[in-house]
Amino acid sequence: MGNLEMSTGDMRGVIRLLTAVERTPEQERVLAVARDRCAQIDARFEADGITLDVPVAQALEELLDGSPTADMEPGYRYAFQALVAVQFSDTYDLGHWRRPSWFHTVDEEMTGHGVPADLAPAALLFAGPPIRLPHPGDALPAMGTFPASRAAELVEAYEAVLDRLDPEVRETAEVLLEPMRVEAGEWERTKQAGRTEDTVFFWMH
């Protein structure tokens, strides 16, 4: 089971923070907030009786040093998501999903009706982080990124097949379609304003 969220921002800022040799005052401010978020996640896990081999706060420091100590550990994804959350927009809640694997079933039907494979739901949600991270060791947490510039393309592809989809599949497609319509309009405003929020980030945990 997992809760699915999306947000939008400039992924380059996240990558620059991870790779900076000397951080700017703004990067230090962002990092302080991210560290606090990681500590909160660790505290929540501890309260729930969950023990990670690499706590999220430690995973963040290892990512900043460029030296993860584990090949398979979910803490690194939680740490990366904390950096994203600080720098991206407020999250859009896409609901709680009992079977994340359901999205692969949705992909099969939608691509069968002509939706390009790289626009199908599972391709968006589970494509993985934009940088190499240790494997989480399980299906969740999962993440994916999608160019905001392609939001209108996705909307057009989904709308073209909605009437031909099984009702359950259509309902799932519409969960993504509604916020992506918003993103398509927002991308046009972003371009006109010269802003750089060009990445949609999906997070299931």
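Contact here means heavy atoms within 4.5 Å, and with that cut-off in mind, the tour of this predicted model can start from the whole chain. Among contacts between residues at least 6 apart in sequence, 71% join residues at least 24 apart.

**Whole chain.** Select every residue and orient the view along the principal axes, where the C-alpha trace spans about 50 × 45 × 25 Å. For 205 residues a compact globule would have a radius of gyration near 17 Å, and the value of 18 Å for the chain agrees with that. Colouring by secondary structure brings out eight helices and four strands, which follow one another along the sequence as β-α-α-α-α-β-α-α-β-α-α-β.

**Surface and charge.** Switch next to a surface representation: the chain exposes about 10400 Å², of which carbon and sulfur atoms supply 48%, while 47% of the 205 residues count as buried. If the charged side chains are then selected, 18 positive and 36 negative ones appear, and the centres of the two sets lie 4 Å apart.

**Strand β4.** Now select residues 199–204, which form strand β4, and ask how many of its six residues are buried. Six of the six are, so that the strand is mostly covered. Showing the side chains separates them into two sets, since Thr199, Phe201 and Trp203 point one way from β4, whereas Val200, Phe202 and Met204 point the other way, and all of them are buried.

**The partners of β4.** Keep β4 in view and add residues 2–9, strand β1, which pairs with β4 in the antiparallel sense over six bridges; within this pairing, Gly9 stands opposite Thr199. Then add residues 142–147, strand β3, which also runs antiparallel to β4 and is joined to β4 by six bridges. Here the position to centre on is Phe146, which stands opposite Val200 in β4.

**Leu18 in helix α1.** Move on to residues 11–19, helix α1, and pick out Leu18 within that helix. Is Leu18 buried or exposed? Its relative accessible area is 9%, and because buried means under 20%, Leu18 falls in the buried class. Leaving aside residues up to four places away in sequence, select the residues that Leu18 touches, namely Leu63, Leu64, Phe80, Leu83 and Ile131. As a last step, draw a C-alpha to C-alpha distance from Leu18 to Tyr92: the two residues are 74 apart in sequence and 25 Å apart in space.

Note on methods:
Residues are numbered from 1 along each chain as its sequence is written. This is a predicted model: local features need pLDDT of at least 70, side-chain atom pairs count only at pLDDT 80 or more; totals for chains, interfaces and linings use all residues. Side-chain values use heavy atoms; hydrogens and water are left out. The radius of gyration is taken over C-alpha atoms; the globule rule is 2.2 Å times the number of residues to the power 0.38. Buried means under 20% relative accessible area, exposed over 50%, partly exposed in between (1.4 Å probe, protein chains only). Accessible areas come from the Shrake-Rupley method with a 1.4 Å probe; for residues, only the protein chains shown count as cover. Lys and Arg count as positive and Asp and Glu as negative; His and the chain ends are not counted. The place of a charge is taken as NZ of Lys, CZ of Arg, CG of Asp or CD of Glu. Two strands pair if DSSP finds at least two bridges between them.
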